[in-house]
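This report walks through one protein chain, from its overall make-up to a pair of packed helices and then to a few single residues. Please keep the sequence and the structure in view while reading.

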Amino acid sequence: MKRGSRSLWAEVNAEPTVRVAQLCGEIQSLVRQGFSSLWVAGEVQRVQRSQRGHLYFELVDKGQGDRVTAKIDAVIWRSDLAKVERELRRSDQKLAPGVELRCRGGVDFWPPGGRLQLVVREVDPAFSLGQLELRRRQTLAALQKAELLDRNSALTLPPVPLRVGMVSSYESAAYHDFLSSLQSIAYGFEVTFVHAAMQGAEAEREVVSALRALAGLPLDVVVVVRGGGSRTDLAAFDSRAISEAIARFPLPVVTGIGHEIDQSIADRVAHTAVKTPTGAAELLIDRVAGADLALEQIQQRLLIAARDPLSRGKERLLQAERGMRRAQLRLASVSARLEEHGRRLARLGGESLRRGGSEVQRIAQRLGVASPRFLGRRRELPETLMHRVVISARARLARAHAEVDGRARLCRDLDPQRTLERGFSITRSVDGRLLRGEGDLAVGDQLVTRFAAGSWISRVEAEQEDLNVEPPEPTVETP
């Protein structure tokens with residue numbers, strides 16, 4: 001047994017032994033010879049720039065559910081990095097997580113770290129653009145099949161969208177531009193803000209999460225805003241997850257993503273797409289200002305319509321008052337004439353008594369009985385006439401007041417507000433023209449419908465024949 005053990009030990013010791021450095025050197029030599037130059041395609045992840053100016057990242061392949069099925073470390077040395085970035089900038093791209101990259105380089109083995117890595121020396125920008133466009137077309141086709149492309153745009157943007165939900169990056173330029181624009185005018189906007197990354201690997205997940213957080217709140221509209229950037233920076237807004245979240249959102253969504261050339265898929269499915277965050281704020285301000293102006297115009301028209309009958313009633317009342325004053329003047333004139341007649345009768349009576357003293361004596365006894373009754377009747381005559389004039393003037397004044405009251409009641413009965421309160425409405429064009437029948441309408445016209453409490457702006461989508469809708473039976477209001 002001892003002899004067998006010594007022989008086995010001798011055989012083991014007879015095999016050649018290499019150091020780790022020698023093995024790593026052999027591996028490095030074989031890898032460099034076998035993979036000196038080749039094109040490699042994959043998705044970029046974990047991009048990191050070193051203090052020495054080198055760019056390190058990973059290239060991965062993914063399977064179902066975005067599960068990584070293969071991965072290799074990659075590096076672009078500082079000496080090649082400027083050329084690579086210049087090539088990408090020419091097509092409005094940059095090396096960022098999520099980008100599909102086709103690059104040329106060689107595989108190397110780094111002995112101190114025991115790590116294989118791909119040393120990238122050049123890239124193919126056209127491949128990245130092609131992958132972005134392919135992914136974009138696939139997303140558009142999927143949204144079209146699900147009938148989501150025009151779903152959000154079919155929603156009605158309220159005429160006074162003061163309650164605003166906002167998705168953006170906190171303290172970004174887009175965040176400040178949007179809020180400062182709304183605060184520049186005193187319309188009382190209420191903004192509910194939810195932070196989300198606007199680019200990078202986390203953008204898709206955080207934007208979708210922010211929209212979900214706003215979906216159940218009492219809002220009028222939601223805006224998604226960010227500043228400008230390259231096509232790579234905006235790649236998240238071509239994703240299916242963000243596009244579906246916007247398309248299915250229960251309120252109108254306004255996007256101001258900041259790209260002056262291309263329209264992202266998020267812009268395509270949104271209710272309204274503008275170029276900048278400031279443009280999104282101006283859209284809401286213009287909307288509220290238009291409603292404010294329309295309300296002011298309606299108020300002016302109603303005020304004018306209400307003033308005319310009241311002015312006419314007031315004029316009739318003034319005429320009645322002038323008539324009453326003329327009657328009072330006539331009454332005073334009649335009273336003065338009666339007093340003058342009384343004085344003349346007294347003078348004539350005295351003269352007759354002086355001329356016919358004998359006759360007076362003869363009929364003194366008869367006059368002593370008759371004259372008190374005669375003078376009493378003459379004294380009562382002015383009072384009787386005055387009483388009659390007063391009664392006549394009061395009757396005329398009462399008739400004038402009754403006529404004014406009747407016209408005032410007629411004005412109240414004809415007030416459009418009373419008609420609206422009985423369930424009717426008034427429909428006008430946006431320029432204030434009253435609409436009386438379908439002949440006054442055309443497809444695309446905007447209508448302003450006023451109810452007893454508030455108003456509504458609508459738009460003619462199609463003619464009645466196109467909708468195959470029977471006209472409603474006429475109804476008769478029962479008093």
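A residue is called exposed when its relative accessible area is over 50%, buried when that area is under 20%, and partly exposed in between. Arginine 78 is therefore exposed, since its relative accessible area is 55%. The model in which this value was computed is a predicted one. Arginine 78 is found in helix α3, which covers residues 78-90, and, when residues up to four places away in sequence are not counted, arginine 78 touches Arg52, Gly53 and His54. Its C-alpha atom is separated by 7.3 Å from the C-alpha atom of leucine 55, although these two residues are 23 apart along the chain.

**The chain as a whole**

The chain has 479 residues, of which 30% count as buried, and its secondary structure comes to twelve helices and 13 strands. When one considers the contacts between residues at least 6 apart in sequence, 63% of them join residues that are at least 24 apart.

**Two packed helices**

Two packed helices are described by the angle between their axes and the distance between the axes. Helix α6 (residues 203-215) packs against helix α7 (residues 240-247) at an angle of about 15 degrees, and their axes are 9 Å apart. Because angles under 35 degrees count as roughly parallel, α6 is roughly parallel to α7. The crossing in which α6 passes α7 is left-handed.

Which residues of α6 and α7 meet? On the side of α6 they are Ala203, Glu204, Val207, Val208 and Leu211, and on the side of α7 they are Ala241, Ile242, Ala245 and Ile246. The residues of this contact divide into eight nonpolar, no polar and one charged. Isoleucine 242, leaving aside its neighbours within four places in sequence, is in contact with Ala203, Glu204, Val207 and Val208, and also with Ala236, Phe237 and Ala266.

**The nonpolar cores**

In soluble globular proteins, nonpolar side chains tend to be buried together. The largest nonpolar core of this chain has 31 residues, and those with the most contacts inside it are Val167, Leu211, Ile242 and Ile246. At least two residues of this core are supplied by each of α6, β8 (221-225), α7 and α8 (265-269), and α6 gives the most, with six residues. There is also a second, separate core of 19 residues, which includes Val164, Leu179, Val223 and Val288.

**Single residues**

The table sets out how three further residues are placed and how accessible they are.

| Residue | Location | Relative accessibility |
|---|---|---|
| Arginine 46 | strand β1 (residues 38-49) | 63%, exposed |
| Glutamate 147 | loop between α4 (125-145) and β6 (163-168) | 67%, exposed |
| Proline 250 | loop between α7 and β9 (253-256) | 47%, partly exposed |

Arginine 46 has a phi near 50 degrees, which is a positive value in a residue other than glycine. Glutamate 147, which is not a glycine either, has a positive phi of about 55 degrees.

What does proline 250 contact, leaving aside its neighbours within four places in sequence? Proline 250 is in contact with Leu155 and Ala215. The C-alpha atoms of proline 250 and leucine 155 are separated by 8.2 Å, while the two residues are 95 apart along the chain.

Methods:
Residues are numbered from 1 along each chain as its sequence is written. This is a predicted model: local features need pLDDT of at least 70, side-chain atom pairs count only at pLDDT 80 or more; totals for chains, interfaces and linings use all residues. Side-chain values use heavy atoms; hydrogens and water are left out. Axes are lines fitted to C-alpha atoms, for helices over the stretch in contact, and angles run from 0 to 180 degrees between N-to-C directions. Helices (H or I, at least four residues) and strands (E, at least two) are DSSP runs, numbered from the N terminus. Angles under 35 degrees count as roughly parallel, over 145 as roughly antiparallel, 65 to 115 as roughly perpendicular and the rest as oblique. A crossing is left-handed if the near helix is turned anticlockwise from the far one by less than a right angle, and right-handed if clockwise. Contact means heavy atoms within 4.5 Å. Ala, Val, Leu, Ile, Met, Phe, Trp, Tyr, Cys and Pro count as nonpolar, Asp, Glu, Lys and Arg as charged, and the others, Gly among them, as polar. A nonpolar core is a set of buried Ala, Val, Leu, Ile, Met, Phe, Trp, Tyr and Cys residues joined through side-chain atoms within 4.5 Å. Buried means under 20% relative accessible area, exposed over 50%, partly exposed in between (1.4 Å probe, protein chains only).
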